[in-house]
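Colleague: I would like to go through this model and ask, for each label, what earns it. Please set each value against its definition.

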Amino acid sequence: MSEKEKEPMFSAKIWKLLTSPFNQNNPITVQILGICSALAVTAKLKPAFVMALSVTIVTACSSFIISLIRKSIPSRIRIIVQLVVVAALVILVDQVLKAFVYDVSKQLSVFVGLIITNCIIMGRIEAFALGNKPWASFVDGAGNGLGYGMILIILGFFRELLGAGTLWGYQVIPDSWYVANGGFYSNNGLMLLPPMALICVGIIIWIQRSRNKSLIEK
Amino acid sequence: MENILNIFIRSIFIDNMVFAFFFGMCSFIAVSKSVKTAMGLGIAVTFVMLVTVPLNWLLNEYVLSGGALSWISPELKSVDLSFLSFIIFIAVIASLVQLVEMVVEKFAPALYNQLGIFLPLIAVNCAILGGSLFMQERGYANIGEATAFGLGSGIGWWLAIIMMAAIREKIAYSNVPPALKGAGITFILTGLMGIAFMTFLGIQL
Amino acid sequence: MNKNSNTYIIGYSAVMVIVVAAVLSFASLSLQSRQNDNVRIEKMNDILRSIGEGEGADSAPDKAKYVKEEYDKYIVESYAVNTKGEKVEGVDAFNLLINLKAEYDKPEADRVLPVFVSRSDEGVIHYILPVWGAGLWGPIWGYIALDVDWNTIYGVVFDHKSETPGLGAEITMAEFRDQFKEKKIYEESSMVAISVLKGVGASAGNIHAVDAISGGTITSRGVETMLKDCLTDYSAYMNKERAALSAPVAAQTDESEIPADSLTINK
């Protein structure tokens with residue numbers, strides 16, 4: 001914390017914090033963090049989107065708050081303090097969702113609560129926010145949340161499109177294509193089942209690492 | 001009694017924490033490289049779930065849910081603290097994990113050396129918090145059901161991670177496409193195992 | 001100051017707990033009425049949908065206002081009955097509905113269950129019974145609208161907490177729900193509810209059955225069990241009403257004769 005010079009709001013360093021999670025540092029496909037529960041809500045695009053947004057807000061805000069109070073936290077109860085801050089933010093998000101987007105909050109059910117134990121959040125707090133300034137921590141949290149959300153949205157998009165023929169609840173595959181109406185197409189119900197989310201993540205990892213050889217594990 | 005057995009079997013096979021809900025995936029993927037370590041983490045998770053789910057059930061029943069405080073005095077009937085449940089549950093889990101860690105370290109140092117490194121990981125294992133939240137959401141009627149659910153879910157998770165570790169020990173010698181090595185193939189394997197577990201859905205309990 | 005002294009840690013925790021509790025309580029209290037409203041509006045809308053009204057809720061500019069107005073317009077009465085078939089006085093049916101699960105957690109003899117009565121624009125009366133059961137992953141629930149004969153189904157609505165989208169979750173879709181229309185829940189004088197049969201067209205010509213959802217077997221079975229269990233709880237009351245219908249003149253000599261299909265409601 002010795003550097004005194006004022007950084008611009010979006011210096012190259014800050015910008016990198018925001019963008020690197022989208023590709024070579026993606027929380028899901030590269031860091032393998034926070035896969036946990038959030039995948040369960042990717043059967044449809046809308047809940048996936050709300051979940052992505054919620055995770056981003058919680059990650060960014062908790063990094064920001066922890067970074068603000070980082071010098072005062074006693075190291076012995078560090079984990080508890082972090083959990084309390086994260087849990088409080090998640091409760092706020094949950095209450096707001098219940099009040100303003102009730103039908104989505106019903107679909108997310110317990111998975112909102114599980115944001116608390118999402119490893120990305122604790123991971124970013126431990127790895128970054130405890131040693132960096134609030135603004136940088138906020139951007140780092142937001143970047144990771146967005147990188148995470150991007151995968152959720154990709155999954156939600158393909159699973160809903162291929163599994164139910166809809167997007168955001170609207171029918172996009174023409175009705176006349178369906179076998180029932182004399183067409184050739186039927187929805188792949190398998191896409192909607194939980195295991196397909198994992199297989200899809202596997203495929204995303206495959207594509208990403210084929211293009212970016214430096215990420216390949218030995 | 002029948003109901004309790006039912007919940008127990010269901011939570012191991014049908015509502016398996018890993019395959020049906022992806023709970024605890026982070027440690028599932030990180031720690032499933034060898035059967036031995038997977039075993040250690042599996043035991044630790046099962047134990048913590050067995051204790052935290054019934055404990056949180058008691059808290060939920062007598063402190064948190066709407067009207068739960070009426071056993072103190074009828075005037076408190078309208079108090080609904082359920083918005084605090086996330087924070088209370090996670091606090092119970094974190095402090096229990098801490099407690100278990102201290103007890104094990106003091107009385108069974110050998111076990112501590114095996115388990116020790118996993119214990120702090122458990123506090124942020126979604127399977128544990130997920131267990132408590134599902135317990136609350138599904139509204140189990142008594143502590144017996146909640147215990148059966150906690151134990152069954154823990155065993156289900158344990159079973160899953162051991163199976164995964166066994167497969168990964170073998171697959172280390174296989175010719176996996178380079179880009180899929182490690183995480184990629186693990187995801188796909190978990191998905192395939194999940195599909196296999198879906199056959200249990202046909203069991204009528 | 002020593003950050004790891006016990007005094008500091010205790011003080012720190014105390015301040016943290018107070019701040020967090022204050023923030024959360026404030027948020028919870030200020031959003032609570034809105035949340036409760038959401039729950040009520042949703043239930044009202046489901047009741048309306050079971051009689052084919054309130055379809056414009058999602059496109060209405062103010063959903064809450066629209067649903068409340070429609071509800072006040074069509075739902076003319078609500079009351080509570082117990083499983084012995086008696087009306088229970090002094091209970092608000094809508095509050096019962098919100099805590100329906102609590103009623104089904106009680107032993108059968110203690111349950112008090114709500115009944116809603118609707119009157120359409122043409123003055124046709126329907127009785128709406130809420131039902132509650134378990135699907136594959138979590139609870140499922142619904143509303144059954146019956147004609148005045150307490151036998152023919154006029155319409156149904158189902159909803160669920162967490163059934164598989166595209167499979168079990170299809171119980172909310174019109175294709176599944178429409179099958180229930182015109183089906184009968186009574187065979188002669190015994191309540192048989194509605195069976196959900198596996199296989200396409202399995203229920204053709206059967207007035208007590210509908211087709212299950214392919215791929216959603218367990219949820220479909222859950223619907224069947226839910227209908228059977230819940231309608232059984234109402235059956236004592238329904239039997240009473242049906243008996244009164246078949247002998248209306250003897251039972252209600254002091255009132256003018258009431259044709260079965262245009263019962264008026266004594267509010």
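Modeller: Start with two terms: contact means heavy atoms within 4.5 Å, and helices (H or I, at least four residues) and strands (E, at least two) are DSSP runs numbered from the N terminus. This is a predicted model, in which local features need pLDDT of at least 70 and side-chain atom pairs count only at pLDDT 80 or more, while totals for chains, interfaces and linings use all residues. Residues are numbered from 1 along each chain as its sequence is written, chains are lettered from A and ligands numbered from 1 in the order in which they are written, and side-chain values use heavy atoms, with hydrogens and water left out.

Colleague: How do you know that the length of helix α1 of chain B agrees with what it should span?

Modeller: The expected span is 1.5 Å times one less than the number of residues. Helix α1(B), residues 2-14, has 13 residues and should therefore span 18 Å; its end C-alpha atoms are 17 Å apart, which agrees.

Colleague: Which residues of α1(B) are buried? What covers them?

Modeller: Buried means under 20% relative accessible area, exposed over 50%, and partly exposed in between (1.4 Å probe, protein chains only). In α1(B), the buried residues are Asn6(B), Ile7(B), Ser11(B), Ile12(B) and Ile14(B). Their cover includes α2, α9 (143-171) and α10 of chain B.

Colleague: Why does Phe19(B) count as buried?

Modeller: Phe19(B) has 3% relative accessibility, so it counts as buried. It is found in helix α2 of chain B. Leaving aside neighbours within four places in sequence, Phe19(B) is in contact with Pro194(A) and, in chain B, with Ala160(B), Met163(B), Thr190(B), Met193(B), Gly194(B) and Phe197(B).

Colleague: What makes up the area buried between chain B and chain A?

Modeller: Buried area is the accessible area (1.4 Å probe) that two parts lose on being put together, summed over both. Between chain B and chain A it is about 3,400 Å², and carbon and sulfur atoms give 85% of that. Phe22(B), Phe86(B) and Phe187(B) lose the most area to chain A on the chain B side, together 21% of what that side buries. The contact takes 39 residues from chain B and 42 residues from chain A.

Colleague: How many salt bridges does the rule find across the interface of chain B and chain A?

Modeller: The rule asks for a side-chain nitrogen of Lys or Arg within 4 Å of a carboxyl oxygen of Asp or Glu. It finds 0 salt bridges across the interface of chain B and chain A. Several helices of chain B each supply at least two residues of the side that touches chain A, among them α2 (17-21) and α5 (85-107). The largest share, 9 residues, comes from α10(B).

Colleague: What does the contact between chain B and chain C take from each chain?

Modeller: It takes 13 residues from chain B and 10 residues from chain C. The area buried there is about 990 Å², with 61% from carbon and sulfur atoms. The rule again finds 0 salt bridges across the interface of chain B and chain C.

Colleague: Why does Trp150(C) count as buried, and why does Glu182(C) count as exposed?

Modeller: Trp150(C) is at 1% relative accessibility and therefore counts as buried, whereas Glu182(C), at 59%, counts as exposed. Trp150(C) is found in the loop between β5 (139-146) and β6 (153-160) of chain C. Glu182(C) is found in the loop between α5 (174-177) and β7 (186-187) of chain C.
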